[in-house]
Each structure stands twice: as C-alpha cells, then as structure tokens.
Amino acid sequence: MTEAEQEKAPDLNALEQEGEIAADYVEGLLDIADIDGDIDMDVEGDRAMVSVVGLKGTELVGPGGEVLEALQELTRLAVHRQTGERSRLMLDVAGYRERRRAELTKLGTEIANQVKDRNEPKSLQPMTPFERKIVHDAVAAAGLRSESEGEEPLRYVVVMPA
C-alpha cells in the first residue's frame, strides 16, 4: 500500500472506538427514556455504524426520520467530545435507514428513467444529505448525472438528462 493509500484508508481501530462511544451514549439515552432496545455496532467503509434494534415503536425515528437525525447529531457530538475528531457515524433505529435506502434507490432509478424518456431535468423534494447521496448514487448507476441545489435544510436533488 502506498503512503497516499495509507492516509486515505480508514483507521479501523478509531472507527471501532467511535462505535463503542456512540453505543454507550445511545444506550444511556435509552436507559434515561426507559426504552428497551439492543445496540449493534459495525464498521462499513469509512464510517462507524450503530443500530438500535428490537424496538416496539417509532418514537426514536419520528416523522420523516427527524428524531433519528437529531439523535444522530447528538451522538456525533458525544463522540467528538471524547475523541476530538469529527465523526461520520451513522445511526439507525429499527431498520429505518435501510428501508429508506431501498425506497430512495428505487426513487432515484425511477426518476432517472423519467428524465431519460422526457429529456428534461427533474427536481425532487428536499432531502437530508444521507438521502441525497443515495439518490445521486442511483442516478449515476442509471447513467445520468445529478446535482444538489438550494440551502440546508431545503437542499434538493436535480436529475439532469444525458
């Protein structure tokens, strides 16, 4: 591995540490809220993944994933406070992100096909950065390009014809 590749390669130990800090933080929140759930930790690519599984309700996801996004930001702050490093940690609750990923991949593919058929750009509704990335990836896989426009929290994807 070259020196440049080593610099780009994620530090597995640091990512595992992020996951452990995040898991402890989320477990503490669950205890405070008296919510039963189990914590799974993993590392995917260059980010730590923490999942809360075995929940009975959706109170930790909220409408459109708003509560989940807030919990993720709080958890990232807790990790940052302990490590001093910016975290790209991904938090999932009750499989919400995986379901959302499948929905958005399907949406991105469908919109790409519409843009191909009509040869006109198409704008989507505002999305979180996580959601936009999934749509961008699906559009790219369909052979088209897309751009994000607007300002947070109203940033959205525009799919462009070839």
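Let's start with a pair of helices in this predicted model: α2 and α3 lie oblique to each other. Why oblique? Helix α2 (residues 12–33) and helix α3 (residues 66–83) pack at an angle of about 125°, and an angle counts as roughly perpendicular from 65 to 115 and as roughly antiparallel over 145, so this one belongs with the oblique ones. The two axes are 9 Å apart, and α2 passes α3 in a right-handed crossing.

Now zoom in on where these two helices touch. From α2 come Gln-17, Glu-18, Ile-21, Ala-22, Tyr-25, Val-26 and Leu-29, and they meet Leu-71, Leu-74, Thr-75, Ala-78, Val-79, Gln-82 and Thr-83 of α3. Sort the residues of this contact by character and you get nine nonpolar, four polar and one charged.

Helix α3 also leads us to the sheet. Here three strands form an open sheet, in the order β1-β2-β3, with mixed pairing. At the edges sit β1 (38–44) and β3 (90–93), each of which pairs on one side only. Going from one strand to the next, the twist averages 20°. And α3 packs on this sheet, where it touches β2 and β3; the direction of α3 makes about 140° with that of β3.

The pairing of β1 with β2 is worth a walk along the strands. Strand β2 covers residues 47–53, runs antiparallel to β1 and is joined to it by seven bridges. You can follow the register from one pair to another: Asp-38 stands opposite Val-53 in β2, and Val-43 stands opposite Ala-48 in β2. Between the strands of this hairpin there are two residues, and Gly-45 takes a positive phi near 65°.

Next, the other helix pair. Helix α4 (residues 96–118) and helix α5 (residues 129–141) pack with their axes 8 Å apart, at an angle of about 40°. These two are therefore oblique to each other as well, and their crossing is right-handed.

On the α4 side of this contact you'll find Tyr-96, Arg-97, Arg-100, Arg-101, Leu-104, Thr-105, Gly-108, Thr-109 and Ala-112; their partners in α5 are Phe-130, Glu-131, Ile-134, Val-135, Ala-138 and Val-139. The tally for the contact of α4 with α5 is eight nonpolar, three polar and four charged residues.

Time to step back and look at the whole chain. There are five helices and six strands, and along the sequence they follow the pattern α-α-β-β-α-β-α-β-α-β-β. The C-alpha trace spans about 50 × 45 × 25 Å along its principal axes.

So how far can you trust the picture? The chain averages a pLDDT of 93, and 94% of the residues score at least 70. Where is confidence lowest, and where is it highest? The low point is helix α1 (residues 3–8), with a mean of 53, and the high point is strand β6 (residues 156–160), at 98. Where pLDDT is low, the predicted coordinates should not be read in detail.

Conventions. Residues are numbered from 1 along each chain as its sequence is written. This is a predicted model: local features need pLDDT of at least 70, side-chain atom pairs count only at pLDDT 80 or more; totals for chains, interfaces and linings use all residues. Side-chain values use heavy atoms; hydrogens and water are left out. Axes are lines fitted to C-alpha atoms, for helices over the stretch in contact, and angles run from 0 to 180 degrees between N-to-C directions. Helices (H or I, at least four residues) and strands (E, at least two) are DSSP runs, numbered from the N terminus. Angles under 35 degrees count as roughly parallel, over 145 as roughly antiparallel, 65 to 115 as roughly perpendicular and the rest as oblique. A crossing is left-handed if the near helix is turned anticlockwise from the far one by less than a right angle, and right-handed if clockwise. Contact means heavy atoms within 4.5 Å. Ala, Val, Leu, Ile, Met, Phe, Trp, Tyr, Cys and Pro count as nonpolar, Asp, Glu, Lys and Arg as charged, and the others, Gly among them, as polar. pLDDT is the predictor's confidence in each residue, from 0 to 100. Two strands pair if DSSP finds at least two bridges between them.
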